[in-house]
Amino acid sequence: MAESNVMDMADRTVSDMAQRNVIDAVTYRQVLSHYPTGVSVITSADADGSPAAGMVVGTFTSVSIDPPLVAFLPDKNSTSWPLIAETGRFCVNVLSTEQETLCRKFSARGGDKFDGVAWHRSPSGMPVLDGVITWVDCRIEQIVESGDHYIVVGRVLDLAVTSDALPLTFHRGTFGQVAPMDPHTNDDEARQLELQRLAAQIFRPGRATEFADEVGALARLYADGYSHLPESRSELIVTILTEYLEHLVAAYSRSVAGATGATGGFTALVRATLEVNRDHRAAAVLYQNERQSLVDVDTTHLRQFERQMQASWVAMIERGQRDGVFQHEADSTLTYFLVRDALFLAARWFRPEGRLSLDDVQRQAESLFLKGLAVQAPRA
């Protein structure tokens with residue numbers, strides 16, 4: 001059976017399953033609340049150094065070491081996220097178990113969230129809340145839409161550990177903490193200690209009113225979407241790379257539309273690759289580093305764009321072979337992979353402020369590739 005027919009059948013099957021299994025929001029939240037998340041406050045500053053906004057998230061995650069990338073997922077209905085997005089920068093403040101009150105303050109809608117809050121500036125001027133465990137200073141690298149949230153990828157500019165306190169967590173609708181297990185304690189003892197700790201937190205004498213207030217505050221957090229959990233690391237990478245390749249394929253389509261001849265089309269593809277990789281450098285490097293490791297997640301859409309990308313190059317190379325301008329001996333698929341890898345490597349070292357401009361890189365790349373592909377004129 002042809003691959004396209006198999007993929008069409010798979011797509012229809014997934015669509016039918018999705019129609020039969022509509023997941024309601026209450027069930028979704030109840031099930032996913034069993035997975036604990038860390039609690040962080042995302043902050044940013046105006047050009048004059050004043051705090052621009054602060055928002056609580058439970059979706060902060062690492063993405064890549066090379067380049068250093070992290071991400072968080074703000075709700076599309078968030079009123080704080082547009083203020084942070086406008087600055088182009090953000091700082092992740094990882095809260096400790098002593099900062100529940102601070103968390104509730106930054107979770108509230110409206111008002112000056114920094115009023116009465118002690119904070120200081122990172123080396124680059126981002127607000128770092130006093131008492132946090134760690135902070136991570138970032139520049140916004142990429143924003144991807146995903147359902148009712150955005151995936152915001154940030155390039156790490158600076159970071160530090162400022163406390164050895166235990167981190168604040170959110171689990172099954174309540175705050176908690178990460179309690180490292182003693183490796184010498186057996187499982188039964190560990191479970192008993194955990195039960196004792198939870199019971200001591202819940203059943204404290206004389207706290208009925210305060211407990212009711214806390215439940216109400218937590219319910220409001222829950223209703224505001226605070227319990228939304230991040231995708232797995234692999235799913236997050238697939239989403240970022242799929243959006244990146246979609247940009248690349250669209251750029252290929254536009255660039256070859258007005259190209260003249262196979263040589264002009266080949267040149268247009270070189271230019272489009274370099275421009276997209278310049279604008280999405282982190283995604284280009286992430287593609288090189290992580291693509292082959294994505295074996296535990298569905299990559300169907302990613303592979304679709306990869307096939308389209310390859311088809312654009314192979315069609316142009318084979319067109320040049322038919323027109324007699326490219327060597328017939330050159331394998332079109334092998335040539336594509338050699339050219340692609342060479343152009344993608346440029347994303348690692350190219351800098352707009354560097355010695356070579358994008359035009360310089362393009363001209364040199366074209367010269368090298370076309371010399372190898374072009375039909376050599378016979379010697380006299």
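Let me start with one residue, M309, which, once its neighbours within four places in sequence are set aside, is in contact with L245, L248, V249, Y252, Y287, Y336, R340 and F344. I should say straight away that what we are looking at is a predicted model, and that residues are counted from 1 along the chain.

From M309 we can step out to the largest nonpolar core, which has 54 residues, and in which Y244, F266, M309 and W313 touch the most other members. Several elements each supply at least two residues of this core, among them β5 (69–72), β10 (149–161), α8 (261–279), α10 (300–323) and α12 (358–373). The element that gives the most is α7, with 11 residues. As a general remark, nonpolar side chains in soluble globular proteins tend to be buried together. There is also a second, separate core, made of 18 residues, and it includes A45, L95, V132 and L168.

Now let me turn to a pair of helices, α9 (281–290) and α11 (332–349), which each supply at least two residues of the largest core. Their axes come within 9 Å and cross at roughly 125 degrees, and α9 is therefore oblique to α11. The crossing in which α9 passes α11 is left-handed.

Which residues in α9 meet α11? They are R281, A284, V285, Y287, Q288 and N289, and on the α11 side they meet R340, F344, L345, A347 and R348. Taken by type, the residues of this contact divide into six nonpolar, two polar and three charged. Y287, R340 and F344, which take part in this contact, will be familiar from the beginning, as they are also in contact with M309.

How values were computed
Predicted model: local features only at pLDDT ≥ 70, side-chain atom pairs only at ≥ 80, totals over all residues. Heavy atoms only, no water. Core = buried A, V, L, I, M, F, W, Y, C linked by side-chain atoms within 4.5 Å. Buried < 20%, exposed > 50% of the residue type's maximum accessible area, 1.4 Å probe, protein only. Helix = DSSP H or I, 4+ residues; strand = E, 2+ residues; numbered from the N terminus. Contact = heavy atoms within 4.5 Å. Axes fitted to C-alpha atoms, helices over the stretch in contact; angles between N-to-C directions. Parallel < 35°, antiparallel > 145°, perpendicular 65-115°, else oblique. Left-handed = near helix turned anticlockwise from the far one by under 90°. Nonpolar A, V, L, I, M, F, W, Y, C, P; charged D, E, K, R; others polar.
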